[in-house]
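I set out to record what I looked up in this model, entry by entry. The entries concern strand pairing, salt bridges, burial and surface charge.

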Amino acid sequence: MNKQVKHSTVGQPVPLIDGIEKVTGKAVYTADLESSACLAGAILRSSVSHGHIVDIDTSRALGLKGVSAVITGADCAHTYGVIPIAMNEYPMARDKVRYRGEPIAAVAACDAATAALALELIEVEIEELPACYTIDEASVSDACLLHDDKPGNIERKVQNEFGDVSAGFELADLVCEETFDCAEVNHAQMEPHAALAEYDAERDRLTFHSVTQVPFYVHLTLARCLEMDPSAIRVIKPFVGGGFGARTETLNFEIITALLARAACGKVMMRLSREESFITHRGRPETRVELKLGLTKKGNITACQCRVIQRGGAYAGYGLVTILYAGALLHGLYDIPAVKYDGLRLYSNQPPCGAMRGHGTVDVRHGFECLLDRMARQLELDPFEVRRANLLTAPTRTANELLINSYGLKQCLAKVEAASNWQERIGTLPHGRGLGMACSHYVSGAAKPVHWTGEPHAVVSLKLDFDGSITIFTGASDIGQGSTTMVALVAAETLSIDMSRIRVVTNDSVITPKDNGSYSSRVTFMVGNAAIEAAKALRNVLIEAAAGKLDAEPQDIDCDGEVFSVRSSQQSALSFAEVAQAALAVDGTIAVKGTFTCPPEAQGGKHRGGAVGSTMGFSYAAQVVEVSVDVDTGLVTVEKVWAALDCGFALNRLAVEGQIEGSVWMGMGQALSEETSFTNGLPVHANLLDYRFPTIVESPDIEAHIVESIDPLGPLGAKEAGEGALSGFPPALANAVANAIDIDVNFLPLTPDRITDALIKARRAANRQQRLKNRKAL
């Protein structure tokens with residue numbers, strides 16, 4: 001590990017600077033914006049999963065008193081999508097619907113009741129087509145195609161091999177294969193979707209507020225779909241009540257709201273219900289993982305072969321990136337000499353899937369860590385020792401050209417092993433009680449942006465004015481992860497000033513510089529570095545001013561705690577206010593800028609799709625989970641979790657601990673209960689009662705440990721902290737259940753009914769074995 005530097009501001013537990021507004025209810029979210037002068041927007045959705053649109057008659061709706069606008073797919077001729085080469089979705093269906101709940105038409109009316117009545121007056125005729133709801137249905141040779149240009153309903157097929165996999169398996173003392181089935185899950189963010197659009201007909205300008213994680217993408221998409229010059233559009237992100245990837249893509253309701261505002265020449269508020277938010281979806285896809293591993297007697301991995309099939313829903317979205325991530329991040333956690341990956345992303349007649357926390361990695365990591373544990377048992381090796389046998393040494397490059405500059409997994413393993421008292425307790429707990437462990441990792445931002453323009457990956461501006469305040473302008477979206485606090489912290493540290501002097505202005509395209517958005521845990525690494533560069537630029541200006549006032553050379557000026565002095569001199573020091581006044585006297589208000597661009601060596605390999613998975617630094621995590629299993633009901637209860645995360649350097653220890661706990665909690669939801677379900681394409685869990693995730697009642701004691709490997713490229717050594725710990729929880733839980741009841745399960749979630757079925761099957765198998773044994777004895 002690199003040597004740590006003593007800091008004055010960062011590295012401490014600091015409350016989030018927007019926390020007061022959130023806990024007091026003062027925070028204004030999109031749905032809270034003043035809407036008394038707004039028209040109410042509402043969307044008509046398809047009642048069938050697949051079919052040709054024969055006719056849409058909106059005349060009766062248009063004739064209803066109070067209705068200002070009615071639009072259909074005919075009002076937008078452009079497709080959209082987050083990936084420029086995979087835009088195959090319209091805001092409202094044109095010619096064909098591909099899932100139940102897909103938008104067909106929309107209205108803007110004087111109030112919500114009138115808008116709802118207008119929807120009922122729209123007459124739609126659809127010629128229904130056969131639908132595909134499962135991986136098997138979508139992939140049969142005679143399946144009805146969702147998209148005519150996608151034979152076999154294949155959205156993306158990936159095949160690559162690094163190293164000699166066949167030779168690797170020949171070197172192994174043990175080769176095992178398993179198939180794991182992981183249910184589709186939804187983000188279930190606290191805040192339902194909403195958008196507010198105001199169209200100025202006289203100036204042909206649009207002002208748009210939304211719940212987005214990436215205002216930049218929304219800006220580009222609105223310009224495309226409305227055929228407007230981007231300079232005529234202003235995008236503002238208010239407070240956001242959770243994202244987790246759900247709001248990374250521009251979503252159909254956002255475009256529809258803007259289209260309605262223009263059609264009505266006015267202001268439209270669109271508030272989606274919880275059910276509509278579920279239908280908008282973009283969650284983690286149902287995934288089948290077929291995995292084969294080879295191990296030596298000492299636990300060294302010799303080869304990995306993995307086939308992944310994802311049911312992606314009706315449109316492309318992030319699909320091609322998700323299926324690439326699933327293979328790319330087989331690398332980077334352990335030293336694996338040979339990896340073969342085959343990925344298949346399929347279309348199906350459900351709402352589109354997309355990015356979700358731990359994007360692309362969670363289900364594959366689940367299968368990998370479960371199978372690795374089972375093989376360790378067969379070889380009579382401790383799970384911790386198997387992981388240690390396969391550690392990487394930083395700096396290094398993986399077989400698929402991922403750059404690894406810092407690697408704290410060894411320390412993470414040591415922390416959770418000691419904290420959980422693993423060596424003394426494993427194998428000694430009573431039946432029904434068990435311990436399990438697993439490891440995981442994640443990127444600190446994608447090294448190549450989705451929209452490659454040649455611009456810096458992050459830009460931050462700072463302003464110093466007459467009042468001595470410093471304002472930070474950033475387009476980085478704080479969606480609850482604490483990025484606004486982070487930029488204030490690193491700027492205060494670099495400038496050696498108190499945080500109270502800093503204000504942060506975010507997410508208004510008229511005011512703040514463009515940022516590529518909050519996704520793939522990029523903000524700390526990229527925006528943090530840009531903020532430091534901007535603060536250094538301002539610091540240099542202040543030091544020059546101090547040097548002039550003190551009649552010294554700039555290199556002899558020290559700045560510490562808002563005091564400027566000449567090094568090794570008895571001369572009187574200057575306060576920040578005095579230095580700021582001297583600097584301002586030269587040219588007035590001071591504005592500086594900092595940027596960050598990912599270095600080329602971190603941008604991945606040259607193979608097809610090699611940019612996906614590439615990053616400047618990986619976070620690493622290890623965790624131990626303790627469970628109890630009721631063998632009569634199949635109920636799994638998480639008793640305690642020990643989780644350690646290598647985040648490079650904890651800029652804000654309070655925020656990092658919160659992110660570790662949040663990752664564990666979200667992983668627990670997917671592991672225990674979360675699952676989207678459909679009946680003939682109709683979502684049946686589209687509310688927070690039926691879509692079951694853990695509440696505070698089920699939340700266990702989570703003991704978070706921070707490991708700091710000090711990444712050489714990270715801002716003050718920091719890496720991501722919000723996703724790395726998530727994908728280790730489901731396999732750690734499954735391994736703990738296996739330890740508790742001696743049953744290995746290959747499904748997620750581990751619901752009581754599934755566990756009960758597994759227990760019954762195990763008892764029947766045991767009874768059969770006993771009967772055979774008795775017969776042989778006779």
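The entries below follow the order in which I consulted the structure.

**Entry 1. Status of the model.** I note at the outset that this is a predicted model. I read every value below as computed from that predicted model.

**Entry 2. An open sheet.** I looked up the strand order and found three strands in an open sheet, arranged S4-S2-S6 with antiparallel pairing. Strand S4 (96-97) and strand S6 (123-128) are the edge strands, since each pairs on one side only. I then examined the contact between strand S2 (residues 51-57) and S6, which is antiparallel and runs over six bridges. For one position I asked which residue in S6 is the bridge partner of Ile 56. The partner is Val 124. As a general reminder, side chains in a regular strand alternate between the two faces of the sheet.

**Entry 3. Strands S3 and S5.** I turned to strand S3 (residues 67-72) and found it mostly covered, with five of its six residues buried. S3 runs antiparallel to strand S5 (residues 103-109), and five bridges join the two. Within this pairing, I recorded Val 107 of S5 as the bridge partner of Val 70.

**Entry 4. Salt bridges around Glu 626.** I looked up the salt-bridge count, which comes to 38. I then followed Glu 626, beginning with its salt bridge to Arg 425, where the closest N and O atoms are 2.8 Å apart. Arg 425 belongs to helix H13 (residues 422-425) and Glu 626 to strand S26 (residues 618-629), so this pair ties together parts 201 residues apart in sequence. Glu 626 also meets Arg 433 in a salt bridge, at 2.9 Å from N to O. Arg 433 lies in strand S18 (residues 433-443) and Glu 626 in strand S26, so the pair ties together parts 193 residues apart in sequence.

I next asked whether Glu 626 is buried or exposed. Glu 626 is buried, because its relative accessible area of 5% is under the 20% cut-off. Arg 433, at 29% relative accessibility, counts as partly exposed.

**Entry 5. Arg 754 and a network.** I looked up Arg 754 and found its side chain in a salt bridge with Glu 675, at 2.9 Å from N to O. This pair links distant parts of the chain, 79 residues apart: Arg 754 is in helix H19, and Glu 675 is in the loop between helix H17 (653-672) and strand S28 (678-679). Arg 754 has 25% relative accessibility and counts as partly exposed. I also recorded one network, in which salt bridges that share partners join Glu 178, Arg 374, Arg 377 and Asp 744.

**Entry 6. A positive surface patch.** I returned to helix H19 (residues 752-777) to place Arg 775, which lies in this helix. Which residues form the positive surface patch? I recorded Lys 761, Arg 764, Arg 768, Arg 771 and Arg 775. For Arg 775 I noted 59% relative accessibility, and the residue therefore counts as exposed, the cut-off being over 50%.

**Entry 7. Val 240.** Lastly, I located Val 240 in the loop between strand S11 (233-236) and helix H7 (252-264). Val 240 is buried, with a relative accessible area of 3%. I also checked its separation from His 366: the two residues are 126 residues apart in sequence and 30 Å apart in space, C-alpha to C-alpha.

Notes
Residues are numbered from 1 along each chain as its sequence is written. This is a predicted model: local features need pLDDT of at least 70, side-chain atom pairs count only at pLDDT 80 or more; totals for chains, interfaces and linings use all residues. Side-chain values use heavy atoms; hydrogens and water are left out. Patches are made of residues with over 30% relative accessible area and no salt bridge: like charges are joined within 9 Å, nonpolar side chains (Val, Leu, Ile, Met, Phe, Trp, Tyr) within 5 Å. Accessible areas come from the Shrake-Rupley method with a 1.4 Å probe; for residues, only the protein chains shown count as cover. A salt bridge is a side-chain nitrogen of Lys or Arg within 4 Å of a carboxyl oxygen of Asp or Glu. Lys and Arg count as positive and Asp and Glu as negative; His and the chain ends are not counted. The place of a charge is taken as NZ of Lys, CZ of Arg, CG of Asp or CD of Glu. Helices (H or I, at least four residues) and strands (E, at least two) are DSSP runs, numbered from the N terminus. Buried means under 20% relative accessible area, exposed over 50%, partly exposed in between (1.4 Å probe, protein chains only). Two strands pair if DSSP finds at least two bridges between them.
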